[in-house]
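I opened the notebook to look up how the pieces of this model meet. Contacts and domain spacing are on the list.

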Amino acid sequence: MDWQAIRLSLWLASLTTVALLVLGLPLAYWLAFSRRRWRFLVEAVVAMPLVLPPTVLGFYLLLAMGPRSPLGRAWESLFGSTLPFSFEGLLIASVLYSLPFMIQPLAAAFASVDRGLIEASWCLGESRARTFFRVIAPLSWAGILTGLVLTFAHTLGEFGVVLMVGGNLPGRTRTVSIAIYDQVQAMDYAPAGRTAALLLGVSFLVLAFTYALQRRQRKPWTLT
Amino acid sequence: MDTHLTSGRPFLQAEAERRYPGGPTVEARFEIPEPGFSITVLFGPSGSGKTTALRLLAGLEPVDRGVIRVDGEMWSDAETRIHRPPQARRLGFLSQTYDLFPHLTVAANLGYGLTVPERPARAAELLPLLGLEGLGDRLPGELSGGQQQRVALGRALARKPRLLLLDEPLSALDRPSQQRLRKELRELLRTLDIPTILVTHDRTEALQLGDRLVVMDQGRVCQSGSIQQVFNRPTDPAVARILGVETVVLGRIESIADGMATLSVGTAQIHAADPGSLGWQVFVCIRGEDVAVERGCGPGPGSTVRNRLPSRITGLNPEGPLMRIGLDCGFPLEALVTRQACQDLGLREGDEVCAILKAAAVHLIPHD
């Protein structure tokens with residue numbers, strides 16, 4: 001088994017999940033509560049990775065990160081390295097590619113919190129930010145957990161975008177899904193089978209754990 | 001605290017409108033003259049805009065026109081685009097659904113709006129006051145409806161608000177609990193000395209709890225004033241229709257015997273069915289259609305009617321096929337009869353007549 005690829009995938013998935021949580025909380029809050037007319041445009045952009053072929057997303061990301069794009073140039077002048085075929089580039093691509101898997105459960109959970117509870121908190125003197133952390137987030141824990149797990153599992157399993165943006169550099173951008181692909185291409189079925197079984201097992205366990213937790217800890221107020 | 005007195009400004013002054021594009025306009029237009037305990041009731045049928053008016057005061061809806069001024073502070077001013085957010089109004093707001101935080105215990109709900117060090121002491125103070133001893137560690141889902149109502153009220157009171165807003169606070173409860181809690185609520189608010197605005201569509205609740213009445217219909221404030229003023233001098237038939245009862249006067253129960261209460265109302269005495277436990281001070285409510293008028297006022301042999309009151313006609317107002325007769329029988333009383341009957345008896349203003357009223361048609365509402 002390619003332990004280096006497995007470690008890289010787990011590290012990438014963890015960083016992507018953390019980055020998306022930080023990015024996702026305010027964005028999902030905005031999507032859940034904004035009354036702007038153009039909110040639907042943002043919703044559409046967030047959902048795009050669900051329907052776009054990974055190659056299309058990867059292609060545009062590659063262009064955007066390239067040495068001739070503003071992003072590519074800014075990155076190079078700041079860090080002295082290029083984004084394509086680097087772990088950092090892979091992380092940016094993963095964050096974008098998993099965006100809907102974090103945002104949609106979060107926004108749905110926030111929007112389902114009773115408006116009256118939020119207003120009650122405001123009338124008791126709590127700011128919008130403190131109301132979020134004291135009322136909205138605790139009542140949305142199931143949605144937040146779902147977002148974390150889906151993002152982690154989805155990043156662990158991504159292939160197309162990784163191949164387009166990251167390539168196949170062992171220890172830097174070679175993730176577990178690409179390792180499996182390589183092994184199959186090289187007719188190395190035995191190690192490919194072991195790695196695939198591991199990925200299958202991990203994905204199943206993580207999802208089963210999440211749903212079991214949601215069911216067990218379901219509190220009366222989530223049973224509407 | 002006394003600035004409003006010296007400047008002659010009322011404690012609360014609302015002249016505000018909320019306009020829904022393509023929909024109705026709702027106004028909040030009334031005053032509370034003084035700080036300290038008083039209950040102003042926003043009364044009207046459902047859909048009349050009472051809740052929206054309350055939300056304008058809470059700052060939960062923007063004011064599209066006009067101003068809301070409280071205790072010398074500008075809370076909302078559409079012209080200068082002042083909108084003090086609900087967080088900065090220091091008010092207590094109790095919605096119809098209570099909106100208790102389901103993930104927090106009773107004690108945590110009570111202390112929600114306080115700083116962390118203030119919380120335990122205030123919870124310990126409020127729990128017995130609200131009759132919730134020993135329930136501090138429960139979750140709201142484990143409480144009865146009446147207990148939830150008291151937690152929600154306690155939470156709104158915990159921060160010692162300057163103004164308390166109650167939206168149908170008892171409507172989610174069963175009738176016996178409503179009866180009991182109404183009395184408790186008024187006493188509690190009087191003790192705490194907080195000006196309160198209460199929304200209700202229940203006439204009994206309005207009469208039992210209110211000091212001042214603001215009648216709303218279709219988003220408009222039709223009339224406001226003391227309870228007796230509004231009930232006895234509705235400015236137009238719409239208000240009278242909403243109030244649904246023509247005569248409301250304060251009376252005192254003098255004695256109770258054999259299930260019958262004898263009351264003194266103004267200079268008259270009337271009989272009514274004893275409704276059980278009541279204070280001595282009551283609102284006496286009589287519908288116009290329950291009052292009949294006769295020429296002579298002798299004892300009616302063979303009649304079940306207990307109240308035969310010598311009266312003088314003070315006014316005759318035709319209303320379609322009906323005639324509203326204003327009577328003075330020691331207190332102002334209104335009768336609603338057909339115009340034909342009125343003509344047959346040849347009734348005129350100033351005539352001495354007899355007002356006839358079944359004891360069962362006299363509705364008593366305690367008001368201590």
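I started with the domain centres in chain B of this predicted model. Taken over C-alpha atoms, the centres of domain 1 of chain B and domain 2 of chain B are 32 Å apart. I then checked the bounds. The domain assignment of chain B places domain 1 at 3-90 + 161-243. Domain 2 of chain B covers 248-366.

Next I looked up the contact between these two domains. I found 8 residues of domain 1 of chain B in contact with 8 residues of domain 2 of chain B. Which elements give two or more residues to the domain 1 side? They are α7 (203-209) and α8 (227-232) of chain B. The largest share of that side comes from α8(B), with 4 residues. I sorted the domain 1 side by class. I got 4 nonpolar residues, 4 polar residues and no charged ones.

Then I turned to the contact between the chains. Chain A puts in 16 residues, and chain B puts in 16 residues. On the side of chain A that touches chain B, I asked which elements each supply at least two residues. I noted α7 (115-123) and α8 (128-139) of chain A. Here α7(A) gives the largest share, 6 residues. What is the make-up of this side of chain A by class? I recorded 10 nonpolar, 3 polar and 3 charged residues.

One last note on the two sides I sorted. The chain A side that touches chain B has 3 charged residues, whereas the domain 1 side in chain B has no charged residues.

Key. Residues numbered from 1 in each chain as written. Chains lettered and ligands numbered in written order. Predicted model: local features only at pLDDT ≥ 70, side-chain atom pairs only at ≥ 80, totals over all residues. Contact = placed C-beta atoms within 7 Å. Nonpolar A, V, L, I, M, F, W, Y, C, P; charged D, E, K, R; others polar. Domains from an automatic or database assignment.
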